[in-house]
Amino acid sequence: MLPDASHINRYGEAEIIASPADHLFGKVLDLSENGLFLVDSERKIILWNEWMVQASSLKREDVVGSAFVDVFPALKGRRVETVINAALDTRTASLLSRSLNKAIFPLYFSEIGGEQQRIEQSVTVKPIQSEGHDYCLVQITDVTPMVQREDVLRVLAKEAEEALQEAEEASRFKSEFTSTVSHELRTPLTSIRGSLGLIASGVMGTLKPEIGRLIAIACNNTERLLFLINDILDISKIESGKMDFVMGPVDLKVVLLQSIEANQAYGEQYEVKYHLNDVVDGTTVYADTDRLMQVLNNLLSNAAKFSPKGVEVDINVIRKDEMIRIEVRDYGSGIPEQFKSRIFEKFSQADGSDTRQVGGTGLGLNISKAIVEQMSGVIGFNVPEGQGTIFYIDICLFKET
Ligand SMILES: Nc1ncnc2c1ncn2[C@@H]1O[C@H](COP(=O)(O)OP(=O)(O)OP(=O)(O)O)[C@@H](O)[C@H]1O
Ligand SMILES: [Mg+2]
C-alpha cells in the first residue's frame, strides 16, 4: 500500500508516522538544519520538513501529496528529476554537486528588512526502502557561507594574480632596460679603451710623462667601467633566466691551469703567486667551461687582492664521493665576522669605503654563486686554522652514461 495523502499528519508524514515515537521522529526532522523531503514511487512528495517550509515558503499541506514536478515545475526534465527517478527505479544514490552560483531548488532565506537571498545548495538524493515500498530522500544543505567565502577567495586570487603579472612586467622592463643601457655603453667604451690603449702604447708618438700618466688613469678607469658593465649584464641575464650554459665534460686540470695563467699578471700586481696542488690527471667535471673559468677567475682575483704581498695562494682539488671540491686558499686577513652573512649579496664588500685599497664592485661572488648553482653545485667558504680564507666550489664529477 502506498501512503495516502489524506492521512498526512501535521509533520507532513503520511502513514509511515503512526506511533508517539514517530511523532517524536517528526519533531526531530523539523529541527534539522537541513532541508529534507521524501518522494514516493509515484513521484509524490510525502514528507516536507520545517526547513523546507521556511526556505520554499510552501506550506506543508500544499506540498504533501502533490507530484514533485507540480511543486517544482521549473525542474521538469532537469537533472534533479532524472536523479530522483534513478533513486526510485534503480535505487541509485547521487550527490548533486554543490553548484557555485547556481541553486538547484528555488529556495531563499529572508534577510532582515525583508530582502530575500538565494540559498546555495549541496543536494544529496538517496533511495530508501520501507515495508516493500521505494522512497527517495532528498537532503539539502545550505552552503551559502562556503560559496560566499569561495567567491571572496576567487576575487582575492584574481587580484593577487594581476598584481603578480604587473610585478613581472615591471621586472621584465627593468631587466630589459638594464641590459639595453649596458649594451649601449659597452660598445663605445670598448672603442675608447682601444684608442686609449693605442695612445698609451706610444704608436701615435711618444707622450709627455704627464700626458702618459693621465692616459694611464683614463685607461684604468675605462677598464673598470667595462668590468662593471659586463657584471651588470651578467646579473640581468641571470635574473631573466637568459644566461646560457653549455654543460659537458670538462678536464679540470686544464681549466685550472688556464685560469691560473689568465690571472698570473693580476696576481703579480699584488705580488702573489698561485700554486696548484696535485690534481689527478683526467679528472673530469660536468660543467660549462667558460662559466667555470669565470667563477675561478673571481676566486683567484679575490685571493690575490686580499692577500699580503709575497704570499702564495693554494689551489687544492679534493674528491668527495661523486663531487669534486675546488679550494682556493689564501693567507690574507680573512672575512670579518659581521660581513660573513652578506658576502654573496650584490654590491657587498667588507670595505665599501671610497678609500678602499683594492678594486672591484662587489658583484663577483654574487654572480659566481648563481653560476655554480646553475651547474648544480655549491659555493661557500671556510675559515681555516691560522690566517686567511678558503673559498670552495663543489661540482659534479662527469659520469659516462
Ligand atoms: N679571499 C677573500 N679574503 C677576504 N675577503 C674577501 C675574499 N673574497 C671576497 N672577500 C670580500 O667579499 C667581497 C665581495 O667579493 P666579490 O668577489 O663579490 O666582489 P669584489 O671582488 O669586491 O668585486 P668584483 O668581484 O665584482 O670585481 C670583497 O669585496 C671582500 O670584502
Ligand atoms: Mg671579486
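## A tour of the predicted model

The mean pLDDT of the chain is 89, with 92% of its residues at 70 or more; pLDDT is the predictor's confidence in each residue, from 0 to 100. Residues 1-6 have pLDDT below 50 and make 15 contacts in the model beyond near neighbours in sequence (contact: C-beta atoms, placed from the backbone, within 7 Å). This is a predicted model, in which local features need pLDDT of at least 70, side-chain atom pairs count only at pLDDT 80 or more, and totals for chains, interfaces and linings use all residues. Residues are numbered from 1 along each chain as its sequence is written, while chains are lettered from A and ligands numbered from 1 in the order in which they are written.

**Ligand 1.** Select ligand 1 and its shell of 21 residues, the closest being Gln349, Ala350, Gly360, Gly364 and Leu365 (near: C-beta atom, placed from the backbone, within 6 Å). The shell holds seven nonpolar, eleven polar and three charged residues. Here Ala, Val, Leu, Ile, Met, Phe, Trp, Tyr, Cys and Pro count as nonpolar, Asp, Glu, Lys and Arg as charged, and the others, including Gly, as polar. Helices α9 (289-305) and α10 (364-374) each contribute at least two shell residues; helices (H or I, at least four residues) and strands (E, at least two) are DSSP runs, numbered from the N terminus.

**Helix α7.** Next select residues 209-239. The 31 residues of α7 should span 45 Å at 1.5 Å a residue, and its end C-alpha atoms are 45 Å apart, which agrees (expected span: 1.5 Å times one less than the number of residues). Buried in α7 are Asp231, Ile232, Asp234, Ile235 and Ser236 (buried: 20 or more other C-beta atoms within 10 Å of its own, all placed from the backbone). Their cover includes α6 (144-201) and α10. Gly241, after the helix, has a positive phi near 70°.

**Strands β11 to β14.** Move to β12, residues 323-330. Ile324, Ile326, Val328 and Asp330 point to one face and are buried, whereas Met323, Arg325, Glu327 and Arg329 point to the other and are not. β12 pairs antiparallel with β11 (residues 312-320) over seven bridges and with β14 (residues 389-396) over eight (pairing: at least two DSSP bridges). Pick Ile324: its bridge partner in β11 is Arg319, and Ile395 of β14 stands opposite Ile324. In the two-residue turn between β11 and β12, Asp321 has a positive phi near 50°.

Finally, β13 (residues 378-382) pairs antiparallel with β14 over five bridges. Six residues separate the strands of this hairpin, and Gly386 in the turn has a positive phi of about 85°.

Terms used: Buried ≥ 20, exposed ≤ 12 C-beta atoms within 10 Å, placed from the backbone. Contact = placed C-beta atoms within 7 Å.
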